[in-house]
Amino acid sequence: MSVTLTERAARHVAGFIGKRGKGIGIRLGVKTSGCSGMAYKLEFVDETLADDIVFDSHGVKVVVDQKSLVYLDGTELDYVREGLNEGFRFDNPNAKNQCGCGESFNV
Amino acid sequence: MALLQIAEPGMSAAPHERRLAIGIDLGTTHSLAATVKNSVAVCLADEEGRVLVPSVVHYRGDGGIEVGHAAVAAQPVDPRNTIVSVKRFMGRGLADVAHVETMPYVFEETPGMLRLRTVQGGKTPVEISAEILRALRARAEANLGGALAGAVITVPAYFDDAQRQATKDAARLAGLHVLRLLNEPTAAAVAYGLDNAAEGLYAVYDLGGGTFDLSILKLTRGVFEVLATNGNAALGGDDFDHRLYCWILDRARIAPPSATDTRRLQMKARAIKEQLTVSDEAPCQLRLDSGENVDLTVSREAFFEMTRPLVQKTLAPVRRALRDAGLAPQDIKGVVMVGGATRMPHVQRAVAGFFGQEPLTNLDPDRVVALGAAMQANALVGNRKAGDNDWLLLDVIPLSLGLETMGGLSEKIIPRNSTLPVARAQEFTTFKDGQTAMAFHVVQGERELVADCRSLARFELRGIPPMTAGAARIRVTFQVDADGLLSVAAREARTGVEASILVRPSYGLTDDEIAGMLRAGIERAGDDLAARALREQQVEAERALEATARALDADGGLLDAEEHARIAAAMEALRILIASGETARIAAGIAALARASEDFAARRMDRSIRAALAGHKIEEL
């Protein structure tokens with residue numbers, strides 16, 4: 001079971017944490033909502049919780065709670081630029097389909 | 001697919017919850033847009049990383065339109081079709097604009113607002129401004145990756161209704177939904193978070209490229225009110241450049257330069273001014289086309305000395321604004337600096353000296369207005385979460401809010417154009433004896449009849465103690481908070497029973513609909529008044545019939561058959577008249593019924609007094 005960052009994503013995460021001034025890593029998760037059933041969660045981590053699993057990817061701590069990991073196993077987080085817009089993208093092999101905007105998905 | 005940003009722990013937005021909104025500073029020389037990303041307001045840059053868009057529009061001969069930097073490049077070549085500082089023309093007729101003769105444009109006078117004749121035909125300032133807004137909108141949508149839910153656009157505090165409306169129209173032409181127009185000084189204060197600060201008085205010192213404005217704001221319960229504005233429409237950073245340019249000409253002892261050399265020297269002067277903000281001296285080396293060499297060093301002291309009169313000149317409007325507001329410099333709790341020219345250290349020092357405190361300068365003075373507008377826009381589209389500080393925003397309600405009263409009439413409680421937040425109360429009473437419940441119908445619109453207004457909500461107040469008609473006192477309070485959220489509460493005075501409801505009055509109404517409703521209100525005012533008068537008579541007639549019928553039930557025994565028949569006939573006649581729809585005849589019918597029952601009423605009165613007095617001695621009363 002694992003969740004990884006691309007090197008570019010790791011660089012940006014490290015940069016954002018640096019700019020924010022605190023934080024030990026990044027949390028990836030899912031929550032049930034949105035038009036296709038589930039939505040991704042992408043947050044800074046200040047402290048890990050009891051049921052968290054921590055991965056290391058290119059020197060960045062990636063924190064996923066056990067429940068989310070079921071839906072996220074094998075996911076790679078990338079950082080991309082599309083025109084003037086840039087941000088993180090989940091490449092999730094578990095997602096069967098996602099809504100047009102990509103903000104939510106189902107498995 | 002959408003790209004995600006990292007959120008603070010526990011703050012991930014639910015999908016589709018975020019609505020894209022921007023703030024736009026539509027300036028005289030520059031315009032820019034900002035948005036709130038991950039709870040931080042940021043300005044939106046173009047592909048080359050430039051945030052400021054010169055407020056310049058170039059209408060090309062081939063039908064193309066250029067905005068911003070591209071248009072600036074066209075200005076020397078095609079001045080007649082390159083419109084700069086269009087903001088000065090917004091909502092203005094030709095007569096209102098000063099120095100028309102010195103401008104390179106061909107003006108056309110049209111009713112209302114002036115037009116500029118370009119190679120692409122006559123263009124109103126609204127259309128020209130719309131081009132700038134369209135460019136900003138395109139930039140924002142490319143940047144944010146989606147359609148915008150709306151925008152907050154800033155306007156100078158002194159803009160009048162016509163100028164504000166023109167700005168709104170320009171936004172609509174550009175396909176932008178205007179969430180709100182916000183005063184520029186207010187936006188700057190919001191950007192500094194002063195709206196969350198303690199209540200008090202604040203000054204906003206705005207020294208732009210070509211204009212100077214000073215506004216005094218009063219913050220009470222999170223709402224900014226503009227107490228006074230003053231300024232100088234012909235004083236700005238450009239004047240500092242010009243002083244320096246003249247100084248260079250003088251010191252370098254060069255002949256009056258050619259047009260190209262003038263332009264190069266002016267740009268050099270500007271660069272030196274900017275450099276002197278950070279360093280103590282700046283070199284001025286330039287080889288002119290004329291073959292002459294300029295080789296000077298400008299010290300900070302020299303620059304400050306030569307421009308000191310300009311700085312002093314800004315303080316005159318400051319004094320005037322304070323005097324208008326009846327304030328002294330020490331009453332001001334904070335000073336916000338806006339406009340690129342406020343970066344100059346001696347400007348900051350002069351302001352600090354005048355107010356006896358350091359001004360707020362840590363935000364980029366070119367961007368602070370747009371940033372505040374973006375924060376406002378973000379709040380207005382509902383992106384802020386519960387628990388965030390509540391935002392109170394100053395605005396007016398576009399249409400009157402009222403209640404339906406008997407006969408389908410609209411009783412206006414809050415007139416249109418009342419500033420928000422606002423609360424008004426009015427007392428109502430029961431229509432029938434023993435009435436224990438009351439239905440309230442909240443309506444919006446300028447028309448007299450409820451049928452012509454827009455229905456907002458209905459609710460009931462129950463548990464009114466039984467009383468005779470007209471005895472109950474029900475206080476109805478209309479309250480519109482700063483977000484335009486209306487709450488209506490009804491409270492019976494004696495028992496304290498209450499009922500209330502929440503509505504969002506402007507929801508779902510487009511500006512066109514509002515305009516249409518206003519127009520109808522004005523055009524139909526005469527009809528409406530007649531209709532209102534009729535309904536009032538009909539209600540009055542029904543009330544009279546109701547009261548007479550009740551009296552006959554209770555005290556019919558006081559009348560002989562003939563008297564009874566006479567009253568019954570008058571009642572019947574009035575019933576027919578109600579349906580006739582003729583106000584005057586109904587009024588006459590009511591009067592006839594009153595005459596017919598006069599005697600009866602007197603007899604009833606005697607009897608009830610006798611009943612009340614029975615068994616009491618005179619002294620007891």
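# Briefing on a two-chain predicted model

In chain A, 54% of the contacts with a separation of 6 or more are made by residues that stand 24 or more positions apart. The structure described here is a predicted model, and its chain B gives a corresponding figure of 66% for contacts between residues 24 or more positions apart, again among those with a separation of 6 or more. The points below begin with the make-up of the two chains and then turn to one helix and one sheet of chain B.

**Make-up of the chains**

- Chain A has 107 residues, of which 38% count as buried, and its secondary structure comes to two helices and nine strands.
- Followed along the sequence, the elements of chain A come in the pattern β-α-β-β-β-β-α-β-β-β-β.
- Chain B has 621 residues, of which 39% count as buried, and its secondary structure holds 14 helices and 26 strands.

**Helix α7 of chain B**

- Helix α7 of chain B takes in residues 300-324, and because a helix is expected to advance 1.5 Å a residue, its 25 residues should span 36 Å, a value with which the 35 Å between its end C-alpha atoms agrees.
- Within α7(B) there is a kink of about 50 degrees, located at T307(B), and the proline P309(B) follows shortly after that position.
- T307(B), the residue at the kink, is also among the buried residues of α7(B), together with F303(B), L310(B), T314(B), V318(B), A321(B) and L322(B).
- After α7(B) comes G326(B), a residue whose phi is positive, near 65 degrees.

**A four-stranded sheet in chain B**

- Strands of a sheet pair through backbone hydrogen bonds, and the pairing may be either parallel or antiparallel.
- In chain B, four strands make up an open sheet in the order β20-β19-β22-β23, and their pairing is antiparallel.
- The edges of this sheet are taken by β20 (409-414) and β23 (454-462) of chain B, each of which has a single partner strand, so one side of each is left without a neighbour in the sheet.
- From one strand to the next, the twist of the sheet averages 30 degrees.
- Strand β22 of chain B, which covers residues 437-444, pairs with β23(B) in the antiparallel sense over eight bridges.
- As one point of reference in β23(B), E460(B) is the bridge partner of A439(B).

Note on methods. Residues numbered from 1 in each chain as written. Chains lettered and ligands numbered in written order. Predicted model: local features only at pLDDT ≥ 70, side-chain atom pairs only at ≥ 80, totals over all residues. Expected span 1.5 Å × (residues − 1). Bend = angle between axes of the 7 residues up to and from the residue. Buried ≥ 20, exposed ≤ 12 C-beta atoms within 10 Å, placed from the backbone. Pairing = 2+ DSSP bridges. Axes fitted to C-alpha atoms, helices over the stretch in contact; angles between N-to-C directions. Contact = placed C-beta atoms within 7 Å.
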